[in-house]
Amino acid sequence: MSAISIIARLTFREAIRRRIMLAGLVLGIAFVLIYSVGTHFIFGQIAADTAANMPSQMTANILQAESTNAFMMMGLYAATFLSIAMAALLGADTLAGEINSGTIQTIATKPIQRADIVLGKWLGFTGLLGLYVLLLCGGIVLSTFIQSGYSPQNLLLGLGLIYSESVLIMTITLMLSSAFPALATGGIVFGLYGFAFIGGWVEQFGALLQNDTAIKVGIITSLLIPSESLWRRAAFEMQTPITGSFGSPFTTTSVPSPLMIGYAFLYMIVVLFIAVRIFQKRDL
Amino acid sequence: MADAIETHLLRKVFGDYAAVKGLTLQVQQGEVFGFLGPNGAGKTTSMKMLLGLIAPTSGEASLLGKPIGDREAMRRVGFLPEHFRFQEWLTADEFLLLHGQLLGMKKDDLQQRRDELLERVGLTPFRNKQLRTFSKGMLQRVGLAQALLNRPALVFLDEPTSGLDPVGRRLVRDVIREVSAQGTSVFLNSHLLSEIEVTCDRVAFIQHGEVVRVLDLASLSSDQTSVTIRVSNLAAESLNGLSQWGREIQMDGEFVHMIIASETVLPEVTRYLVAQNAEVYSITPNRMSLEDIFIETVGKDGGL
């Protein structure tokens with residue numbers, strides 16, 4: 001068994017033993033339940049209102065599909081945020097905490113490479129986040145489908161992008177955790193996330209108001225931290241055209257290009273590489 | 001055969017503070033080597049450099065004939081860190097399996113070795129308990145087992161008896177003797193001088209990140225014995241007569257202190273005093289302890 005897979009399995013087992021998995025599962029189910037109960041009443045109300053007020057069945061159907069999509073996107077947005085929080089929490093303490101406590105010393109003095117430790121943890125967290133995103137987003141999509149028979153377009157691509165965003169945030173956190181203490185790492189990650197979020201908003205409003213400067217500010221922010229562009233591409237893939245034309249944090253008006261998405265993946269690889277380099281160089 | 005450890009002017013600077021100034025030493029194969037020094041002398045930093053945890057600022061070092069950090073060498077090295085913390089959510093069994101896997105041990109060999117070591121450190125009844133439920137002494141024991149999994153050619157023990165009760169300390173001491181008898185070199189970092197004194201073949205005194213003295217402990221017991229004689233009615237010329245057996249003779253009330261070459265002269269000294277009509281109440285030889293040498297070497301202030 002390679003050192004990377006030993007560390008990855010250890011990371012998984014740690015999440016189970018320290019009840020991180022359980023907490024994620026319970027809160028994830030609660031999240032999907034609340035979404036389901038809320039949308040159950042909302043969808044029912046919308047169906048009744050549109051049937052009563054719309055001139056034709058066709059317009060009623062369109063309006064119902066639009067509003068269902070809008071609510072689903074809202075749910076997915078919240079799920080994305082929770083996945084990002086999970087990504088930051090998983091990554092923040094891992095290297096920093098083990099360096100601080102000295103746990104890393106007996107691991108790092110084994111005949112393995114330091115890169116194996118970082119990559120093994122990354123792989124373990126990537127697996128954990130996959131399960132979490134599947135639970136949250138899969139729950140939202142499934143609940144919506146069961147209640148209304150609606151399923152969004154480009155579902156797998158959209159969920160894949162949402163998952164990639166959480167993995168990107170986790171990778172950035174891991175890099176910071178190899179250099180800074182856990183608390184500082186968590187603080188910086190949420191700061192960066194907020195930075196990307198505001199940049200995304202500026203770009204969206206720029207697009208709505210057709211202000212080129214605002215759009216450029218958004219693009220520059222995305223180049224610095226491309227996390228939010230992954231969500232916006234995911235939203236673009238899954239939302240209906242009418243929903244997309246309204247500016248809101250849950251939807252997208254200015255669409256990140258495939259080039260930007262490619263950049264985000266490249267960014268992630270570079271950050272992971274830097275994480276390995278920092279960890280290789282530092283004193284433990 | 002290559003030395004177990006060889007360093008040449010190993011140096012580590014943190015900012016503008018030199019934690020280790022220039023460490024030069026050799027540890028031979030099969031030797032139990034004590035690393036002694038006051039707090040903050042650079043003992044742990046030195047050990048971490050040898051283990052590849054900390055990159056030296058300058059200097060050279062090799063373990064088992066390979067440059068430090070070499071993975072082939074690390075396969076044959078064991079390490080018990082100071083105040084160590086482990087994955088406390090693992091059971092003792094899982095913990096040892098994890099470290100054995102990281103050492104690249106074969107499954108059968110690892111399981112056999114794990115059982116053997118759990119038994120040796122007395123943790124077999126607790127093997128399925130998570131480490132979070134372990135006392136400090138139990139953690140130290142499982143840590144020691146971890147350090148010996150791969151039957152290392154060289155094992156580093158950083159303060160292995162800290163936090164242990166007398167029974168645990170005896171266990172560590174016995175285990176050190178056993179592995180040493182099997183040919184393992186032991187590098188023991190401790191400030192418990194009595195521990196070092198009974199386990200080590202040689203010691204290095206380190207102060208301000210430099211080796212200030214290397215001492216062969218086998219020679220310690222024979223030379224430099226001081227003796228205290230409680231005696232009354234001893235004439236001044238009789239006192240001077242003692243100089244034929246010893247030196248640095250001092251009289252302090254009814255106590256006479258002197259340094260003799262060997263305990264074998266004591267019966268002669270006794271006969272002499274009796275012949276001089278002195279009243280002898282007691283004769284107590286005091287072997288010069290490692291503690292005396294330690295204080296003599298690093299100074300009473302501990303080199304602060």
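Student: What phi does Arg19(A) take, just after H1(A)?
Tutor: Arg19(A) has a positive phi of about 60°. This is a predicted model, in which local features need pLDDT of at least 70, side-chain atom pairs count only at pLDDT 80 or more, and totals for chains, interfaces and linings use all residues. Residues are numbered from 1 along each chain as its sequence is written, while chains are lettered from A and ligands numbered from 1 in the order in which they are written.

Student: What makes residues 3-17 of chain A a helix, and how do you know that the span agrees?
Tutor: Helices (H or I, at least four residues) and strands (E, at least two) are DSSP runs, numbered from the N terminus. H1 of chain A has 15 residues. The expected span is 1.5 Å times one less than the number of residues, so H1(A) should span 21 Å, and its end C-alpha atoms are indeed 21 Å apart.

Student: Why is Ile6(A) called buried?
Tutor: A residue is buried if 20 or more other C-beta atoms, placed from the backbone, lie within 10 Å of its own (exposed: 12 or fewer; partly exposed: in between). Ile6(A) is among the buried residues of H1(A), as are Ile7(A) and Leu10(A).

Student: Why is S12(B) called hardly covered?
Tutor: Of the seven residues in strand S12 of chain B (246-252), the count that is buried is zero.

Student: What makes S12(B) and S13(B) a pair?
Tutor: Strands pair if DSSP finds at least two bridges between them. S12(B) and S13(B) (residues 255-260) have five, in the antiparallel sense, so the definition is met. Arg247(B) stands opposite Ile259(B).
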